[in-house]
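Here are my comments on the model, set out as numbered points for reading beside the coordinates. I take the internal spaces first and then turn to a strand, a helix and a single residue.

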Amino acid sequence: MSKRSFKNTELIQASLKKRYAREKRFQWYGRLAVMLGFVFLFILLFDIVSKGTPAFTQKYLLVPVHFDADRIGVTPESDAKQLRAGDYAGLAKASMRDLFPDVTGRKDKRQLYRLLSLGAEYQLQDMVMTDPSLLGQTKDVWLLAHSEAASYLKGQVTRDQPEDERRVKNLQMDWLDRLDSEDRTQTRFNVLFFTEGDSREPELAGIRAALHGSFFTLIVTFVLAFPIGVFAAVYLEEFAPKNRITDLIEININNLAAVPSIVFGLLGLAVFINFFELPRSAPLVGGIVLSLMTLPTIIITSRAAIQAVSPSIREAAMGVGASKLQTVFHHVLPVAMPGILTGSIIGMAQALGESAPLLMIGMVAFIMDVPGGVTDPATVLPVQIFLWADSPERGFTEKTSAAIMVLMGFLIIMNALAIYLRKRFELK
């Protein structure tokens, strides 16, 4: 081997060594990026779950209640209307005074009453309405604790914090410690979180109204966006002539996919509410706005799925005498359906997590009642999360994280459904 050839070999080997080193570094960069992504995801999930888990439990206090008709302001002969109008709030306060007879000052009594939730009076009302024979009897009743008292019983608030920086005062902590030592505290699953609507009191607030509102809104969104989006994609991809008009339409569709979602909310406010006078804060308007926002995503993903169909399928169908319409609907669409469904479900999942356009059309209103249809006032889960996150009470902090956990669960289910349908149709 000549000296020049040996030098060239060394240069080639050095070049290969540098190239392999760059490839190895790039692989490590990729692994580091994936690891960092998992770390940040774990931190996010851990923070949400650790803050939201306490919201799925509630604290109850065992209180001996003397159902004195005079305290309630009714008689054993009272009808249902009179029983409903009784002073059950006064009954709950009197029961707490009987449990702590040493509490005499007005300020101390107010602190004592705050150990119970405002929902305690409705518990007592329901008991008397269900069984009027309770009047005149004394019975131990598990009454719902206030969110502030529950935060201490759950260990979220401790005595280590300065008293002026927490809502649970030292005297209240002493009372709660006494109740706990007497086995008069109990932890239960928070059923109200899933069965009740919004409330000013954290321990009574639930997501049922928001879930119903989200359901009706997504139904309207799917009914409008899916058929329009798929048919528009089929026409543009298979039937529309290639000219400047269709090129302009395609550019506008791609641009609409990048428009901020709040712009669609402004459109819904100006057109559907102010011009067409559709009901404000209704799932009907919310569904229309979200369908407009979701349409570009469905059209783009559907067109991509149709483009991915092998040309040989079209040629084979045309070769056996199928018309253009038969080729598209009998052969092309079934093959493209996995991609179409995947894109549509992902678009719906995106719509489920949107709050900005719905805020613009009034779905930020305080809604306690569960909507019964698409025209009833309603809110949705992302907006409910937004409202709770803006509330100063500590109890709403855990409710916010718990609602985020529920929303993330729905998003995971929708994405898993998209993967399942894609695999199923691909097998067919």
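**Notes on the cavities and the buried elements**

1. In this predicted model, the largest cavity has a volume of about 40 Å³. Helix H10 (208-239) and helix H15 (324-352) are the elements that give two or more residues to the lining of this cavity, and H10 supplies the largest share, namely 3 residues.

2. The residues that line the largest cavity are Ser214, Thr217, Leu218, Leu290, Ala351, Leu352, Glu354, Leu358 and Val380. Sorted by class, the lining of the largest cavity divides into 6 nonpolar, 2 polar and 1 charged residues.

3. How many cavities of 30 Å³ or more does the structure hold? The structure holds 2 cavities at that cut-off, and the second largest encloses about 30 Å³ of space. Arg114, Leu115, Glu148, Ala149, Val168 and Gln172 form the lining of the second largest cavity, which by class comprises 3 nonpolar, 1 polar and 2 charged residues.

4. Strand S1 (residues 57-66) deserves a separate comment. Of its 10 residues, 7 are buried, so S1 is largely enclosed by the rest of the structure; the cut-off behind the word buried is a relative accessible area under 20%.

5. Which strands are joined to S1 by bridges? Strand S2 (residues 138-144) runs antiparallel to S1 and is joined to it by 7 bridges, with Pro64 standing opposite Asp140 in S2. Strand S3 (residues 185-189) is also antiparallel to S1, and 5 bridges join S3 to S1; here Thr57 stands opposite Phe189 in S3. When reading these pairings, one may recall that in a regular strand the side chains alternate between the two faces of the sheet.

6. In helix H5 (residues 106-113), the buried residues are Gln111, Leu112 and Tyr113. What covers the buried residues of H5 includes helix H4 (88-99) and helix H8 (170-181).

7. Is Ser401, a residue of helix H18 (residues 394-427), buried or exposed? Ser401 has a relative accessibility of 9% and therefore counts as buried, given that the term applies under 20%. Leaving aside residues up to four places away in sequence, Ser401 touches Ile48, Lys51 and Gly52.

Technical notes
Residues are numbered from 1 along each chain as its sequence is written. This is a predicted model: local features need pLDDT of at least 70, side-chain atom pairs count only at pLDDT 80 or more; totals for chains, interfaces and linings use all residues. Side-chain values use heavy atoms; hydrogens and water are left out. Buried means under 20% relative accessible area, exposed over 50%, partly exposed in between (1.4 Å probe, protein chains only). Helices (H or I, at least four residues) and strands (E, at least two) are DSSP runs, numbered from the N terminus. Two strands pair if DSSP finds at least two bridges between them. Contact means heavy atoms within 4.5 Å. On a 1 Å grid over the protein atoms alone, a cavity is a set of points where a 1.4 Å probe fits but cannot get out, and a pocket is an open set with protein on both sides within 12 Å along at least five of seven lines; lining residues have an atom within 4 Å of a point. Grid points are joined across faces, edges and corners, and a volume is the space filled by probe spheres set on the points. Ala, Val, Leu, Ile, Met, Phe, Trp, Tyr, Cys and Pro count as nonpolar, Asp, Glu, Lys and Arg as charged, and the others, Gly among them, as polar.
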